[in-house]
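Reader: I'm new to this and would like to learn how to read a protein model. Could you take me through one?

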Amino acid sequence: MRTEDFDYNLPEELIAQHPADKRDFSRLMVVDRKTGQREDKHFYDIIDYLNEGDLLVMNDTRVIPARLFGHREEKEEEIEVFLLENIEDDKWEVLVRPGKKMKIGTKCIFSDELSLEVIDIKEDGNRVIEFFYDGIFQEILDRLGNMPLPPYIKEKLKDKERYQTVYSKNPGSVAAPTAGLHFTKELLKKIEEKGVKLAYITLNVGLGTFRPVKVDDVKNHKMHSEFYQISKETADLINETKKNNKRIISTGTTTTRTLESVYKKNGQIKEDSGWTDIFIYPGFEFNVIDCQITNFHLPKSTLIMLVSALASKEIILDAYKDAVDKKYRFFSFGDAMFLK
């Protein structure tokens, strides 16, 4: 299976640069994952495709303002620091630019209340740093940090909360689980009133979500590792839904990867936490999810490979061609697809 098999032509003007005026007014392409039949709707119509007894599972991670700009001690040129992963306490793995300026022992100042020191350099060039601060770190980061928008978004985001889901709760991601951006609290309430249950997992989305597949053969691609958690309450709801022969509807590829990872690790769904680097592409056997809400993904990305595994490569690429022809909006702030 070749990476180029998952390529498609996307005019640049279809890459959404800002969110829809109202979250649930995004367009929604409903695709039968077995037949490829399609309908064009709006996201608020998703309720019509959810049935009483179904379980809607969402990723409640919260994006941290992971991009910081500072300067070296007694120097003026700007240094960019991108937080990747909290290793322990105040130690983080980060990307820095320009990297050659940030040697071990170098200090970087962001404000009177926040600075860091480089304590190690990893093989891939990422730095391990330790923060020093006066106050509560998360509050300082919220004030000084910038939202880590994907590189294909050039416009400045006016409202930081539009890159968060309305149910975001657990800080730790450097990218949003974008399929969930379409939900409003009012829509979720209506879905519950219809008899659909809601459940949450947490997967901290890493920078690897933006990285393209660079190998020719899909099977040779190495996935980035991300931390997940699933509670006993969510595990019990999933198992009860399965027992009642109702559907598990996954909101986004991050939720899908978490649920299928937990099953693969334990042979069942149960309370669990850990790191996953599961890579889902055509040929994968799904054990947990039945349907998926998702956005339109980058060509040749692991995400388009995942949705192709749930439907088929042919159905997905045909749907994407149709979406381009109908001028759907693509990627993080773009429109949605429901694979039913």
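Author: Sure, let's begin with domains: their bounds come from an automatic or database domain assignment. Here the chain is split into domain 1 (3-63 + 158-339) and domain 2 (67-144), and their C-alpha centres lie 32 Å apart. Before we go on, this is a predicted model, where local features need pLDDT of at least 70 and side-chain atom pairs count only at pLDDT 80 or more, while totals for chains, interfaces and linings use all residues. Residues are numbered from 1 along each chain as its sequence is written, and side-chain values use heavy atoms, with hydrogens and water left out.

Reader: How many residues of each domain are in contact with the other?

Author: Contact means heavy atoms within 4.5 Å. By that rule, five residues of domain 1 touch seven residues of domain 2.

Reader: And what area is buried between domain 1 and domain 2?

Author: Buried area is the accessible area (1.4 Å probe) that two parts lose on being put together, summed over both. Between domain 1 and domain 2 that comes to about 460 Å², with carbon and sulfur atoms giving 64% of it. On the domain 1 side, Val174, Leu207 and Trp275 lose the most area to domain 2, together 66% of what that side buries.

Reader: How many salt bridges does the rule find across the interface of domain 1 and domain 2?

Author: The rule asks for a side-chain nitrogen of Lys or Arg within 4 Å of a carboxyl oxygen of Asp or Glu. It finds zero salt bridges across the interface of domain 1 and domain 2.

Reader: Where does Asp54 lie, and is it buried or exposed?

Author: Helices (H or I, at least four residues) and strands (E, at least two) are DSSP runs, numbered from the N terminus. Asp54 is in the loop between strand E2 (38-42) and strand E3 (55-59). Next, buried means under 20% relative accessible area, exposed over 50%, and partly exposed in between (1.4 Å probe, protein chains only). Asp54 has 2% relative accessibility, so it counts as buried.

Reader: What does the side chain of Asp54 reach?

Author: For this we use polar contacts: pairs of N or O atoms within 3.5 Å, where within protein one must be able to donate a hydrogen and the other to accept it, and residues adjacent in sequence count only if both atoms are side-chain atoms. The side chain of Asp54 reaches the backbone nitrogen of Asn51 at 2.7 Å. A polar contact of 2.7 Å also joins the side chains of Asp54 and Arg247. Leaving out residues up to four places away in sequence, Asp54 touches Val196, Lys197, Lys246, Arg247 and Ile249.

Reader: Why is helix H5 largely enclosed by the rest of the structure?

Author: Look at residues 302-310: nine of the nine residues of H5 are buried, so the helix is largely enclosed. Those buried residues pack against helix H4 (253-266), strand E16 (291-295), helix H6 (313-325) and strand E17 (336-339).

Reader: Which residues have a positive phi although they are not a glycine?

Author: Asn245 is one, with a phi of about 60 degrees; it lies in the loop between helix H3 (232-243) and strand E14 (248-251). At 71% relative accessibility, Asn245 counts as exposed. Lys327 also has a positive phi of about 60 degrees, and it lies in the loop between H6 and E17. Lys327 is exposed too, with a relative accessible area of 57%.

Reader: What joins Arg97 and Pro98?

Author: A cis peptide bond, with omega about -5 degrees. Pro98 lies in the loop between strand E7 (91-97) and strand E8 (107-111).
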